[in-house]
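Look at the sequence and the structure below. Then work through the questions one at a time.

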Amino acid sequence: MVTVEEIRKAQRARGTATVLAIGTATPSNCVYQADFPDFYFRITNSEHLVDLKRKFKRMCENSMIKKRYMHIDEKILKENPNMCEYMAPSLDVRQDMVVVEIPRLGKESATKAIKEWGQPKSKITHLIFCTTSGIDMPGADYQLTKLLGLQPSVKRLMMYQQGCFAGGNGSPSGKGSRGEQYRCAGPCCVLRNDRNKFPWTV
């Protein structure tokens, strides 16, 4: 009789996965951490909260963060004032932005990785997309497949709500099973979309 352990061994890949290339992408808007308190209190019309701003500035100085890459800039916030008001309805606007921006960042990073890899896109067999942002259907994996011009036969896996460790969770999913050779693209994109009205950061 076959044991459960034997069945599991037959279904799983043995050995290690190899990272063939890495590509990165960030939103174009960069705000230095030293300037972030002024930016944040200005866009939320909270300049009058001097003590709170001083405390926030101290937190930013002690955070060890040097700069923040954001999709949001002051122009977008002026066009969508609800995004800066506490408890104002803005979820639809923010989700509409995420649905477009996440696949775009995924395409940018995947294109760099494919170029570094030096092989044609047609050799990609799997796409594993990890994100904590956006919950649209069809998901960012489908949108990225179209943006990259991948073949419809590419197998896709969408991993939502994995947090900071999404890339680590996505990597083992790219290993081939039973000796198969997978060539997997695995973008991991996150835009913070907090309800507390902080602008999105990567």
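The questions below deal with one helix, the cores, a loop residue and the cysteines.

This is a predicted model, in which local features need pLDDT of at least 70, side-chain atom pairs count only at pLDDT 80 or more, and totals for chains, interfaces and linings use all residues. Residues are numbered from 1 along each chain as its sequence is written, and side-chain values use heavy atoms, with hydrogens and water left out.

Q: What span does helix α3 reach from its first C-alpha to its last?
A: Helices are DSSP runs of H or I with at least four residues, strands are runs of E with at least two, and both are numbered from the N terminus. Helix α3 covers residues 50–62, which is 13 residues. The expected span is 1.5 Å times one less than the number of residues, here 18 Å. The model comes close to that, with a span of 19 Å.

Q: Which residues of α3 are buried?
A: Buried means under 20% relative accessible area, exposed means over 50%, and partly exposed is in between (1.4 Å probe, protein chains only). On the other side of α3 from the buried residues, Asp51, Met59, Glu61 and Asn62 are exposed. The buried residues of α3 are Lys53, Phe56 and Cys60.

Q: Why are the buried residues of α3 on the same side?
A: The arc is taken from the directions that run from the helix axis to the C-beta atoms. The buried residues are Lys53, Phe56 and Cys60. They lie on the same side of α3 because they cover an arc of only 65°.

Q: Which helix supplies the largest share of the largest nonpolar core?
A: A nonpolar core is a set of buried Ala, Val, Leu, Ile, Met, Phe, Trp, Tyr and Cys residues joined through side-chain atoms within 4.5 Å. The largest one has 15 residues, and Phe36, Phe39, Phe56, Ile72 and Leu77 touch the most other members. Helices α2, α3 and α4 each supply at least two residues of this core. The largest share, five residues, comes from α2.

Q: Is Ser46 buried or exposed?
A: Ser46 is found in the loop between α2 and α3. Its relative accessibility is 13%, so Ser46 counts as buried.

Q: How many disulfides are there?
A: A disulfide is a pair of cysteine sulfur atoms within 2.5 Å. Cys30 is partly exposed at 30% relative accessible area, whereas Cys60 is buried at 5%. By the distance rule, the count of disulfides is zero.
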